[in-house]
Amino acid sequence: MQANRQLSPSAVISVAIILFAVFSFVGWLYETIDNLVAFGGLYLRASFMLPWCPIYGIGGLIVVAVVEPVREALATRAPKALELVLVAIAIYALTAVVELAGSYVCELLMGYVPWDYSQAWLNVDGRIAPAYTLRFVVLGLVALYVVFPYVRGWVIRQPKTAGVVASALVVLFALDSMLQALGVWAPAKDALVPWGLRHW
């Protein structure tokens, strides 16, 4: 199948950049909807001007890099149902470790942990909790079985277009980061209050 062709180094980079952007946007969307349900308002959990949460991009790439080879191996050796169960378990364990490690990295770099699960059942120091990790399992399954194959196949079919898109995403992310670093964009100050949108 075309989607199973070996990717060139440049195509691998394009896939990684596009996946990072997609996962970051999905994370931003998930956080926004979750806050809408939990708090009844559009509280935008983000530190960037554009709609993306990079921690989801990083987490998604780690899931694809680590679990996809496991999924491929299981696909030829196990029934589909067993494959899904084992992949889900692998995603659960991996995302729990990534989120726990991420909380310490955020605390080191930002001085605080951007999330708090201290009220959740079986939480670990408010950093991880089963109820939230199970949500990441759902996102991880979608990433592995839907998003990754689609993006990979598209990059194979349209390598030049994918390269342009990936380059544009890098420029946008760099610009967004620079504006924030220079103080041009401050989420806490520049929230879109007139539209009822606020940042945490």
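A salt bridge is here a side-chain nitrogen of Lys or Arg lying within 4 Å of a carboxyl oxygen of Asp or Glu. The exercises below apply this and related criteria to a predicted model.

**Exercise 1. Decide what joins R127 to E107, and state where each residue lies and how far each is covered.**

Step 1. The side chains of R127 and E107 meet at 2.8 Å, N to O, and they therefore satisfy the limit of 4 Å that defines a salt bridge.

Step 2. This pair links distant parts of the chain, given that R127 belongs to the loop between α3 and α4 whereas E107 belongs to helix α3, with their positions 20 residues apart.

Step 3. With a relative accessible area of 7%, R127 is buried, because the limit for that class is under 20%. E107, at 34% relative accessibility, counts as partly exposed.

Step 4. R127 also takes part in a salt bridge with D125, for which the closest N and O atoms are 2.9 Å apart. Unlike the buried R127, D125 is exposed, its relative accessible area being 59%.

**Exercise 2. Describe the salt bridge between E83 and K80, and place it among the other salt bridges of the protein.**

Step 1. In the bridge between E83 and K80 the closest N and O atoms are 3.4 Å apart.

Step 2. Both residues lie in helix α3, and because they are three residues apart, about one helical turn separates them. In general, an α-helix has 3.6 residues a turn, so residues three or four places apart point the same way.

Step 3. The two partners are covered to unlike degrees: E83 is buried, with a relative accessible area of 1%, while K80 is partly exposed, with a relative accessible area of 48%.

Step 4. The pair belongs to a network of salt bridges that links E68, R71, K80 and E83. For the protein, the count comes to six salt bridges.

**Exercise 3. In the loop between α3 and α4, examine the backbone of L122 and D125 and the surroundings of I128.**

Step 1. L122 is found in this loop, and its phi is near 55 degrees, a positive value in a residue other than glycine. D125, which is found in the loop between α3 and α4 as well, has a phi near 55 degrees, again positive in a residue other than glycine.

Step 2. As a background to these values, most residues other than glycine have a negative phi.

Step 3. L122 counts as exposed at 53% relative accessibility, because the limit for that class is over 50%. D125 is exposed too, with a relative accessible area of 59%.

Step 4. I128, also placed in the loop between α3 and α4, counts as buried at 12% relative accessibility. Leaving aside residues up to four places away in sequence, I128 touches A96, E99, L100, Y117, L122 and N123.

Step 5. The C-alpha atom of I128 is separated by 8.8 Å from that of V97, although the two residues are 31 residues apart along the chain.

**Exercise 4. Compare the span of helix α4 with its expected length, and locate its kink.**

Step 1. Helix α4 comprises residues 130-157, which makes 28 residues, and its first and last C-alpha atoms are 39 Å apart.

Step 2. At 1.5 Å a residue the expected value is 40 Å, to which the span of α4 is close.

Step 3. The helix nevertheless contains a kink of about 40 degrees, which is centred on A143.

Step 4. Contacts to this helix can be followed from T95, a residue of helix α3, which is buried with a relative accessible area of 11%. Beyond residues up to four places away in sequence, T95 touches V63, T133 and F136.

**Exercise 5. Set the nonpolar patch that includes L29 within the protein as a whole.**

Step 1. F25, V26, L29, I33 and V37 form this patch on the surface, and together they have about 430 Å² of accessible area.

Step 2. L29 lies in helix α1, which covers residues 9-39, and counts as partly exposed at 36% relative accessibility.

Step 3. The protein exposes about 11600 Å², of which carbon and sulfur atoms supply 72%, and 38% of its 200 residues count as buried.

Step 4. The protein has five helices and two strands, and from the N terminus on its elements run α-β-α-α-α-α-β.

Definitions and conventions
Residues numbered from 1 in each chain as written. Predicted model: local features only at pLDDT ≥ 70, side-chain atom pairs only at ≥ 80, totals over all residues. Heavy atoms only, no water. Helix = DSSP H or I, 4+ residues; strand = E, 2+ residues; numbered from the N terminus. Expected span 1.5 Å × (residues − 1). Bend = angle between axes of the 7 residues up to and from the residue. Patch = residues over 30% accessible without salt bridge, like charges linked within 9 Å, V, L, I, M, F, W, Y side chains within 5 Å. Areas by Shrake-Rupley, 256 points an atom, 1.4 Å probe, with all protein chains shown as cover. Buried < 20%, exposed > 50% of the residue type's maximum accessible area, 1.4 Å probe, protein only. Contact = heavy atoms within 4.5 Å.
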